[in-house]
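Colleague: I should like to understand the terms used for this part of the chain. Kindly set each term against its definition.

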Amino acid sequence: MSVMMVAMSGCQTAKAASSLDYEQHYKTTGTALKESALSDNWESKGSKVAVVSKQKADNEEYLDAKEVLLVNNTKNKVLVSQKVFDQAYPASTTKIMTALLTLENLKLSKVVMIKHDITFPDGAAVAVHLKKGDKITVEALLNALIIMSANDAAVALGEEVSGSLPKFVKLMNKRAKELGATNTHFANHYSTAYDLYLIFKEVAKHNEFFNIAGKPSSRIEYTGSKGQLKIYDMASTNQYIAGTYTLPSNVYMIGGKTGTTTQAGSCLILLTKNKDGEEFISVVLKGVTKSALYHTMTDILSKEN
């Protein structure tokens, strides 16, 4: 069950972990490890991270979202922080970790043979409907994962990286801890805005991620089990890229990841830059509506200049 939830942490109505699991894990992890690790000298692969105290993050300026974070990624400085250490359901933003591990372990040109039909109990789960015997490149799977949050793409990539989903979940949790994301647990399916910033900061080292995440649409092609050509067209779920919402003046989109479930609300994490070329990572979790999410995000992005 927990493994399936990781695969189905997408823009759909997948069932999340029970409140009992959530509370038990919260009590056993707490924030002690994070507070000891994230000192001013803490580094991730030689690159410092922005830090903020729990006291400074304990405010509720933005009422239409649970957690809000804006970091100047060039200067490693926190500009906006609201409840960023509170645990929340992150929805499809968890696929950032799937993408990171894929980019760290697989070549984009590698052809993946789908070993079994990838289906989900929830018929509404977002998917490209991969079947046993399909042959598809890692690059095509990443497009499906990042642009449309395809859950079967997440499963296929996880199995290709680790051999099985249970092993991949362990790898996800191990990598999260290495990055200092100690309040994230992928089996129980929760994270924090600050942890997602740490993970996203790491994936931002890979231009390949934003070559995909910055596109308004994508067409992938792959081969079916009988040698037939299969084509899937998809559009970005990032409404700034889609043109539904407009970025503040002198703020420029690089790319990001959306996520929406009933329990998680509307979520979004972005990499943007200002007129001076400085990069910023922004996170909004549990927007009460999609409109509220984007209005909150636009508000904090306006602080980049």
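Modeller: Val251 has Asn274 of strand β10 as its bridge partner. This is a predicted model, in which local features need pLDDT of at least 70, side-chain atom pairs count only at pLDDT 80 or more, and totals for chains, interfaces and linings use all residues. Residues are numbered from 1 along each chain as its sequence is written, and side-chain values use heavy atoms, with hydrogens and water left out.

Colleague: What makes β9 and β10 a pair of strands?

Modeller: Strands are DSSP runs of E with at least two residues, numbered from the N terminus. Two strands pair if DSSP finds at least two bridges between them. Strand β9 (residues 251-261) and β10 are joined by 10 bridges and run antiparallel, so the definition of a pair is met. A hairpin through 3 residues connects β9 to β10.

Colleague: How do you know that β10 also pairs with β11?

Modeller: Antiparallel strands β10 and β11 (residues 279-287) are joined by 7 bridges. Leu271, for instance, has Ile281 in β11 as its bridge partner. In this hairpin, with 4 residues between the strands, Gly277 takes a positive phi near 85°.

Colleague: Why is β10 described as largely enclosed?

Modeller: Buried means under 20% relative accessible area, exposed over 50%, and partly exposed in between (1.4 Å probe, protein chains only). Of the 10 residues of β10 (residues 265-274), 9 are buried, so the strand is largely enclosed by the rest of the structure.

Colleague: Why is Thr261 called buried?

Modeller: Thr261, found in strand β9, has 12% relative accessibility and therefore counts as buried.
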